[in-house]
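Biologist: Hey, I've just opened this one for the first time. Can you walk me through it?

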Amino acid sequence: MGRRVAITGVGMTHQRSARPDVNGQELINEAVRMALDDAGMTRKDIDAVVIGNMDHFEGINYVDTWSVDGSGALMKPIMKLTTGGTTGTTVAMGAYYHVASGLFDRVLAIGWEKNSESDTTGAITTAFDPFWDRPIFAGAVAGLAMEATAYMAATGATEEDAAYVAVRERKHGLNNPYAHLHINMTIDDVMKSPYLSWPVKMGDMCPRTDGACALVFVSEDVADDFPQKPAWILGVADRHLWAYTSDPYMDVKTGKAWFPALEKASAEVFKKVGITDPLEQFDVAELYLPYSFAGLRYIESMGFCDRGGAPELTRAGAFDMGGKCPVNPSGGVMSSNAIGATGLIRVAECTWQIQGRADERQVPDVKLALATGFGGCYWSDVLILGKEKPGKARG
Amino acid sequence: MEPVAIVGVGMTEIRRERKADGYPDLVYEASRAALDDAGMTIDQVDNVVTISNDFFDGRTISSMAIQDACGSYDKNVSTVEGDGTFGAFYGLMRILSGSFGTTLVCAHHKGSESVMPLITNAMFDPIYARSLGIDAVTSSALQARAYMDRFGVTEEQCALVSVKNHGNAFANPVAQLPLELTVEKVMSSPYIADPIKLLDCCPISDGASAVILASEKRAKKITKKPVWVKGVAHCSTSYHLGDRNLYCVCALREASKKAYGMAGIGDPAKDIDLVELYDAFTYMELMWLEGLGFCERGEGGKLTESGKTARGGELPVNASGGCLSGNPVLVAGLNRIIECALQVRGNAGEHQVDGVKTALAHGINGPCGQSHCVWVLGGEK
């Protein structure tokens, strides 16, 4: 009945705007080799591989079979999981279920993207219904602007409140050698950056990034056999509720249905793990915040504070380094966004934090860490990682 | 592996073009059918695995459009991009993890809205291979030729598979292409890519299907006829065609060895009563039968000539008509599982084979069967 699962190896490429020096398989291989070295393993020790990205960015069909030279899945089981922006966390959850099922002891999870080879906005636009959505809707920015507008109307939050989040994430990113953007921004810089779709400005948005991430998931039966201390998966859950752009229900008057996918997924996993006060209980959070307003709205949806309370709490520094629950010590998605890798990088950063290996960006004494993935049509994946082995497998 | 069972199955009819229906409509039809088959409501489904491919659907995040249709609202849900046999495998693991008691697995495909040569060309290396114009058909032709040259298998032996499977399709109302053929008719059909002729190829198809898997505890409450998963495994070989001996079946051998080990199958030819395998082209049925260990290498043609693989033979292969009689890609592997489940339950209707206790379903991913997934299903735990 379900085994406990830990992460024992981490690998990722330095996230960059373009990696013309490598092809996709080579990019993947950099992360895979680093993860295997970290776990003191070779390719031969891996029982199965789970991989994910977004097809239309690189234009490669059947990425699982294509990847074999880079992923090391030759004569092994390999499976592709893909759910849009949530792909990286979906891959992590996939690797979790592979190991928890009892069928595999050592599973390699890989997320990657080479956005420099893609028309990112063009590809994202095709996610939406060809008749109803596409003619009025382009890419990710417009949908996020819709959300930001609703949030501002409901709470009275300002563009400056959001800019604080963008500044925080970039400041944190300065401590992370793997981050793509290393820029010291001020609120004024964000406010003066050009509008992409009001109220979202260039400074509020994530970049497009080339990068890969690989993690080694292992079962409780072998978790002590590795050089690094295991980071345990305490619980996972997801909700992918909506199919159309017109589905998001954002009642600005009542604030009802704030971000139901994130609310439901986090509520499920918080209950499993016994989280009643996330702000107090989590030591660190790596959240998929694709743009600045997400840093406000999403933490309210997860219950870090009341609705409308995020701007004040954020400006008070609760989520800064040294704050009550530092958010995105890595610099987060606003510093690097190789989309298929991004969710997995959140899990990787939580692992490093729990293992005490996050160098300049280390939060002291991390016991409990939260990772999320965002994507699709306001979809959410949520994972909780911990330093202590859980009492039982909790899914 | 703890016992997990198939408790509900649903398939749409496979047709050349389901013009009036978008793919979410097909998914709804199949999921609804699977729930009805199991006598379940959507509330009793604990989680969902959808199977789709952004290229075939012409949409990024192709699973987004079917969240309503498959009933995943407010459930844990994930998406496998690959053949249905792989998606069902993930659905199985999610139950084995202890997190869920039931999984609905659904797959869809609208070949009528796809441009197959372009989409399957995108499987190949963008710099070295794509510009050759290679696609699923032409790469398979290379494999067929390599296989036939190595083992002396003839085009006539391949043609027999077409005659058999299209003939079987007459008894299966779901099948798209029942045809009354002879070896001569197949042999005189035009070459698409030598040695593959028109009647060696699967058709382009629209369709969807769904399977509901359940833990032992839940399965016993849901149905009196659970079909148990006895063994399942998958394996991939190399990517570049030039890195492979195309006649080799090493990945299939590895996957079947593992699945047989789990299922306690010593001699597949004796222990397995029926096979549903991925016959996108006629030669594949022969090659995969060899890879699965039903005969020696190179003997697949003779096995077929002997009549053993006919619906009335000792080892019926693709009694449903197989992919040759309808090939909604991705759905195709899930349909192989469903056909096996129906046979084990004794619910296969006109194409029912007597006494099927243990059945084998098989699916492939990637060019020329680069990756294989093998399922062994049975009526007994």
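Modeller: Sure. One term before we start: two strands pair if DSSP finds at least two bridges between them. Also keep in mind that this is a predicted model.

Biologist: OK, so which residue stands opposite B:Ala5?

Modeller: That's B:Trp228, in strand 8 of chain B. Strand 1 (residues 4-11) and strand 8 (residues 227-236) of chain B pair over two bridges, in the antiparallel sense.

Biologist: And what order do the strands of the sheet in chain B come in?

Modeller: The order is 3-2-4-7-1-8-11-10-9. That's nine strands in an open sheet, with mixed pairing.

Biologist: Which strands stand at the edges?

Modeller: Strand 3 (76-80) and strand 9 (274-276) of chain B. Each has a single partner strand, so one side of each is left without a neighbour in the sheet. The twist from one strand to the next averages 25°.

Biologist: What packs on the sheet?

Modeller: Helix 9 (residues 250-263) of chain B does, touching strand 8 and strand 11 (371-378). The direction of helix 9 makes about 150° with that of strand 8 of chain B. Helix 13 (residues 331-345) of chain B packs on the sheet too, and the strands it touches include strand 1, strand 2 (47-51) and strand 10 (358-365). With strand 10 of chain B, the direction of helix 13 makes about 180°.

Biologist: How do helix 3 and helix 13 of chain B cross?

Modeller: Their axes come within 6 Å and cross at roughly 65°. Angles of 65 to 115 degrees count as roughly perpendicular, so helix 3 and helix 13 of chain B are roughly perpendicular to each other. Among the residues making the contact are B:Gly84 and B:Ala88 of helix 3 and B:Leu334 and B:Ile337 of helix 13. By class, the contact has five nonpolar, four polar and one charged.

Biologist: Switching topic: how many residues of chain B are in contact with chain A?

Modeller: 46 residues of chain B, against 52 residues of chain A. Helix 2 (54-57), strand 3, helix 3, strand 8 and helix 9 of chain B each supply at least two residues of that side. The chain B side has 19 nonpolar, 20 polar and seven charged residues.

Biologist: And what domains does chain A have?

Modeller: The domain assignment gives domain 1 (5-120 + 210-225) and domain 2 (128-208 + 232-386). Their C-alpha centres lie 23 Å apart. The contact takes 36 residues from domain 1 of chain A and 35 residues from domain 2 of chain A.

Biologist: Which element gives the largest share of the domain 1 side?

Modeller: Helix 5 of chain A, with eight residues.

Key
Residues are numbered from 1 along each chain as its sequence is written. Chains are lettered from A and ligands numbered from 1 in the order in which they are written. This is a predicted model: local features need pLDDT of at least 70, side-chain atom pairs count only at pLDDT 80 or more; totals for chains, interfaces and linings use all residues. Helices (H or I, at least four residues) and strands (E, at least two) are DSSP runs, numbered from the N terminus. Axes are lines fitted to C-alpha atoms, for helices over the stretch in contact, and angles run from 0 to 180 degrees between N-to-C directions. Two residues are in contact if their C-beta atoms, placed from the backbone, lie within 7 Å. Angles under 35 degrees count as roughly parallel, over 145 as roughly antiparallel, 65 to 115 as roughly perpendicular and the rest as oblique. Ala, Val, Leu, Ile, Met, Phe, Trp, Tyr, Cys and Pro count as nonpolar, Asp, Glu, Lys and Arg as charged, and the others, Gly among them, as polar. Domain bounds come from an automatic or database domain assignment.
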